[in-house]
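Open the model in your viewer and keep the selection panel at hand. The tour goes from the whole chain to the bound ligands.

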Amino acid sequence: MIPFNNSYVHLPTQMFTRQTAKAVPDPTLIVTNASLADALGIDPDWLTTPAARDVFAGNAVAEGSEPLASAYAGHQFGNWNPGLGDGRALLLGEVLGTDGVRRDIQLKGSGPTPYSRSGDGRAWLGPVLREYLVSEAMHAMGIPTTRALAAVTTGETVQREEPLPGAIITRVAQSHIRVGTFQLMAARGDIEALSALFDHVVDRHYSDADSPAALLLAVTKAQASLIAKWMSVGFVHGVMNTDNVSIAGETIDYGPCAFMDAYDAQSVFSAIDRQGRYAYENQPRIAVWNLAQFATSLIPLMPDQDAAIEEFTTIINAFPTHYEAEWINAFGAKLGLVDPSEDDRALITDLLALMQQNGADFTNTFANLAGPNSAAQFTDRDAYGAWSTRWQARGYDVGIMTAANPVIIPRNHQVEAVIIAGRNGDFGPFHALLAAVTEPYAPVTNATAAFARAPAVDERVTQTFCGT
Ligand code: AMP
Ligand code: MG
């Protein structure tokens, strides 16, 4: 049983389409998330029942669920697309968690909707396993994110470049409202829907925001904080399109995302991102671009448009101020600095420059920085030694470092290995990696040593493919 308490379905009907999932032939549970269920007020014992399996497969509509596909638009790689929406996802409904926070429960891979365009509405197993692992790892690292409640295989083959096993993930989010949701209503000139959406978002996520400008500021700050956290763990989202930017400030839509192994500021993993628009170091700039689109979509709510443009521009221009403060805090903590400030910037950027020149592993450099073998990541030991002397002089706190530096992340080659095993029906490697990445700060044990190790050159997986 899921204690649904739905609100989105009461918004103006032009914002969504009521839609049920298309049944699948042979659903089988891969994994369920008991602790998340508990926090959502769902009985963890129910999760593993055939009834739950049928709900997570879209073969049964749970009591209280009012499934719908939401409409949105967006800029994809900078190009306007007025007709996106949940093309392979369904909002089953919302629940109020034990923390009082309202959250969406959504199926992804549940079949066609009016927004599917030429797509089949399905997902294959690979992106489902990737999203489950990476989103739960992000949560364990304290980074705002959608979560994963369950995953099932469908018993159906989906056709991509080759026939692949189908799967469905059940995703939990503070909401699935995106910049693109606002953009669609603004582009349609639908002020009724735009105002209703504004009120809904304020009520749900930013109760202190009493105006569009206040909402823009709150969303700007949330993005600045989120992107700084991504940077601090070497995360490359890969598709920062405006339809993949959550208004609530969570990481959403894990497509071709990956964590870097060796530090490279220009890291790009997505096979379709040929220009590197969404490269690691571009992420803060792209966030600003996306926020400008959000601001544009709020203008129709303002009585004086010229004054609004000026006010909104000032808010967005302050993004770097919020972001840089968050970045200094995040990276300062990684170096164990007490009260990090702008004065510490050079110490941080000089280490990153050394890491780049030496091909140092991002995660392991920070995880081992205070250990006896810290120099092992660097071929130029003298340069590292000189940097380390400056760092010692500044002083650091090992407790701060330990809390800020994950030891285990879902490394790309490990995620790929899990997907290959899963395709062959073996989910043992998935469960082992999931257990490891959801304890990212735990000391390495025999069971997790392989996951903490950086890939050898021939093990590196440098390209990922979109989650379709
Ligand atoms: P994404 O790249 O996952 O953010 O998806 C962009 C848009 O394409 C969204 O509107 C999705 O719903 C839609 N989409 C992606 N894959 C499929 C699919 N297999 N079937 C239908 N729609 C899809
Ligand atoms: Mg998307």
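The stops below run from the domains to ligand 1 and then to the metal site.

Bear in mind throughout that this is a predicted model.

**Domains.** Colour residues 8–173 as domain 1 and residues 177–405 as domain 2, the two parts into which the protein chain is divided. Place a marker at the C-alpha centre of each domain; the two centres lie 26 Å apart. Next, display the contacts across the boundary: 36 residues of domain 1 touch 41 residues of domain 2.

**Shell of ligand 1.** Select ligand 1 and the 18 residues around it; Gly85, Gly87, Arg88, Arg117 and Gly121 come nearest. Colour this shell by domain, and at least three residues show up from each of domain 1 and domain 2. Colour the shell by class instead, and it splits into eight charged, eight polar and two nonpolar residues.

**Polar atoms of ligand 1.** Which side chain has an N or O atom 3.1 Å from a nitrogen atom of ligand 1? Select aspartate 120 to see that pair. For arginine 122, show the backbone: one of its polar atoms is 3.2 Å from a nitrogen atom of the ligand. Asparagine 244 uses its side chain, where an N or O atom is 3.0 Å from an oxygen atom of ligand 1. Now switch on the ligand surface: ligand 1 taken alone exposes 490 Å², and the protein buries 88% of that.

**Metal site.** Stay on Asn244 and add Asp253 and ligand 2, a magnesium ion. The ion is coordinated by OD1 of Asn244 and OD of Asp253, at 1.9 to 2.1 Å. Are these two residues buried or exposed? Both asparagine 244 and aspartate 253 are buried.

Definitions and conventions:
Residues numbered from 1 in each chain as written. Chains lettered and ligands numbered in written order. Predicted model: local features only at pLDDT ≥ 70, side-chain atom pairs only at ≥ 80, totals over all residues. Heavy atoms only, no water. Donors = N, O, S within 2.8 Å, 3.2 Å for Na, K, Ca; no water. Buried < 20%, exposed > 50% of the residue type's maximum accessible area, 1.4 Å probe, protein only. Near = heavy atom within 4 Å. Polar contact = N/O pair within 3.5 Å; in protein donor to acceptor, adjacent residues only side chain to side chain. Areas by Shrake-Rupley, 256 points an atom, 1.4 Å probe, with all protein chains shown as cover. Nonpolar A, V, L, I, M, F, W, Y, C, P; charged D, E, K, R; others polar. Domains from an automatic or database assignment. Contact = heavy atoms within 4.5 Å.
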